[in-house]
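Please look through the sequence and the model below. The report that follows takes up single residues, then the packing of the interior, and at last the protein as a whole.

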Amino acid sequence: VLSKKTLSAVTALAISGLVPAGFALAGELDITSELVASSSNVYVEQGATQSFNLIVKSDGNVTNANVTLPTKFTIAENGNITTSNSDTVNLAGKDDSEIVPVTIQVDSNLQPGTYSYTFNSADVSFTNINTTGAKLENKSVDTITFVVTKKQVLDTAAPVVTAIPDRAANTTGWYNQNVNVNFLAVDEEGGSGILPGSVSAPVTFSTDGTHTITGTASDIAGNIGTSSPITIKLDKTIPTISGNPDRQANSFGWYKDDVTVSFDADDALSGVASVTGNQTLGEGANQSVTGTATDYAGNTSAPATVSGINIDKTAPIISGSPDREANLNGWYNDDVVVTFTAKDNLSGVASFTQPVTLSEDGLNNYATGTATDYAGNTSTPATVSGLKIDKTKPVITIGGLTLENDGVVSSIGTFTLNQLATWSASDTLSGLATEDSGILNTATVGLHTKTLTATDKAGNTFEKT
């Protein structure tokens, strides 16, 4: 900051050869200015009026001459320099010098900078009182330079410093990549300005965590400003996630009902913002569910997959059949073995009813079987029914004597000549397939042999001789 200074005479400014035509001076004339420093320039602030001196010197044989100079310089807003007012000094002899006090007035809107003014014959006039031996010489063109500086103000306000991240945080206030923070400093209008190199250097945040930082800057007047603290929340670490079914499969690795898979996630820094919701699986083999989680910084986890999920909700199908067909009458006359077969299109048949042997006589013998698959589903029972079994031979009766099975009787029937002698057969279950009665021949005396045969509908035959 330039200090205010009282400008006074120091440096010489030569003005010569500016005498109007027709005049002659004995020797030469110099005009010099006095300034404040060792510079040849006149320093003045914007909008200020500054005093300084011009020195008029005789060089040669001047013995008596009057010199008239302008005493006011004005620099307009556009930089044009004009002169006004005047003062006359007398140079009484050789090497004489006189001081002419002058002022410079600068428009307040003039931009700081260097502005030069060259004296001309319209600015300086000479009256040669003693013309003896007078001679005019034009030595050089004389120029005065005005250095206009910025108007000084009292600066006690610190600069305003702002910390600016290279991008905005997400909607939850987190970043998931490195963040660069720059600092911007602004001095108040008309202030002394920011001191070059005083603004805090940019800072890069690359470590997970919550970071708080401030920056500073100085103005030329020495005031130091500090930014408001800015907090950077950085989380570059993805969450962890795991998934599990709602229960364990059976020992064969199968389920027989829908399975719900849920996911759990964890994030140690910004926290879990979202996680894949529960998913319910229906029937199928080798099914899988994949889930992900996202934290509040926007990091997404690696996928978590729950697989080997086998679901079979469909019971197996079972069917049964006898080991052979019944006879033409629909009867069996021996044990019947019912065999079952089962199938399951998904998990497969784990077990089913083994062959059943039916051995009891009856009109409606039956066998029931079931099957179970590896998922634990049990089939609807399969029943093979209506099996008619008759393993008992028919019965034959002769004249009141019953012959059955092996045909053993307690005595031999005795009949008289031409006595009516009959036989009959019966079967209590399947019924007779042959004749149920007949007449024995008693027309001749003697011992007669007769073979009687009875067959039921099941194919059981009883024969007696």
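Asn418 is exposed, because its relative accessible area is 54%, where exposed means over 50% relative accessible area, buried under 20% and partly exposed in between, with a 1.4 Å probe and protein chains only. Asn418 sits in the loop between β36 (401–404) and β37 (422–426), the strands being DSSP runs (E, at least two residues) that are numbered from the N terminus, while helices are runs of H or I with at least four residues. The phi of Asn418 is near 60°, which is a positive value in a residue other than glycine. Asn85, which is not a glycine either, has a positive phi of about 60°, and this residue is found in the loop between β6 (81–84) and β7; with a relative accessible area of 56%, Asn85 is exposed.

This is a predicted model, in which local features need pLDDT of at least 70 and side-chain atom pairs count only at pLDDT 80 or more, whereas totals for chains, interfaces and linings use all residues. Residues are numbered from 1 along each chain as its sequence is written, and side-chain values use heavy atoms, with hydrogens and water left out.

The table lists three residues with their places and relative accessibilities.

| Residue | Place | Relative accessibility | Class |
|---|---|---|---|
| Phe183 | strand β13 | 11% | buried |
| Val186 | strand β13 | 47% | partly exposed |
| Ser198 | loop between β13 (179–186) and β14 (203–205) | 18% | buried |

Which residues does Phe183 touch, not counting residues up to four places away in sequence? Among them are Val161, Thr162, Ala163, Val199, Ile213, Gly215 and Ser227, a contact being heavy atoms within 4.5 Å. Phe183 and Gly215 are 32 residues apart in sequence, yet 6.4 Å apart in space, C-alpha to C-alpha.

Ser198, once its neighbours within four places in sequence are set aside, is in contact with Thr216, Ala217 and Ser218. The side chain of Ser198 reaches the backbone oxygen of Ser218 at 3.0 Å.

Val186 joins Ile164 and Leu184 in a nonpolar surface patch of about 240 Å². Such patches are made of residues with over 30% relative accessible area and no salt bridge (a side-chain nitrogen of Lys or Arg within 4 Å of a carboxyl oxygen of Asp or Glu), with nonpolar side chains (Val, Leu, Ile, Met, Phe, Trp, Tyr) joined within 5 Å and like charges within 9 Å. The areas come from the Shrake-Rupley method with a 1.4 Å probe, and for residues only the protein chains shown count as cover.

In soluble globular proteins, nonpolar side chains tend to be buried together. The largest nonpolar core here has 25 residues, of which Phe52, Leu54, Val67, Phe73, Ile75, Ile104 and Phe146 touch the most other members; a nonpolar core is a set of buried Ala, Val, Leu, Ile, Met, Phe, Trp, Tyr and Cys residues joined through side-chain atoms within 4.5 Å. Elements that give two or more residues to this core include β3 (49–59), β8 (97–106) and β11 (143–149), and the largest share, 4 residues, comes from β8. A second, separate core of 13 residues includes Val181, Phe205, Ile213 and Ile230.

Taken as a whole, the protein has 0 helices and 40 strands, and buried residues make up 36% of its 465 residues. Among contacts between residues at least 6 apart in sequence, 64% join residues at least 24 apart. The accessible surface comes to about 24,700 Å², of which 49% belongs to carbon and sulfur atoms.

Key
A polar contact is a pair of N or O atoms within 3.5 Å; within protein, one must be able to donate a hydrogen and the other to accept it, and residues adjacent in sequence count only if both atoms are side-chain atoms.
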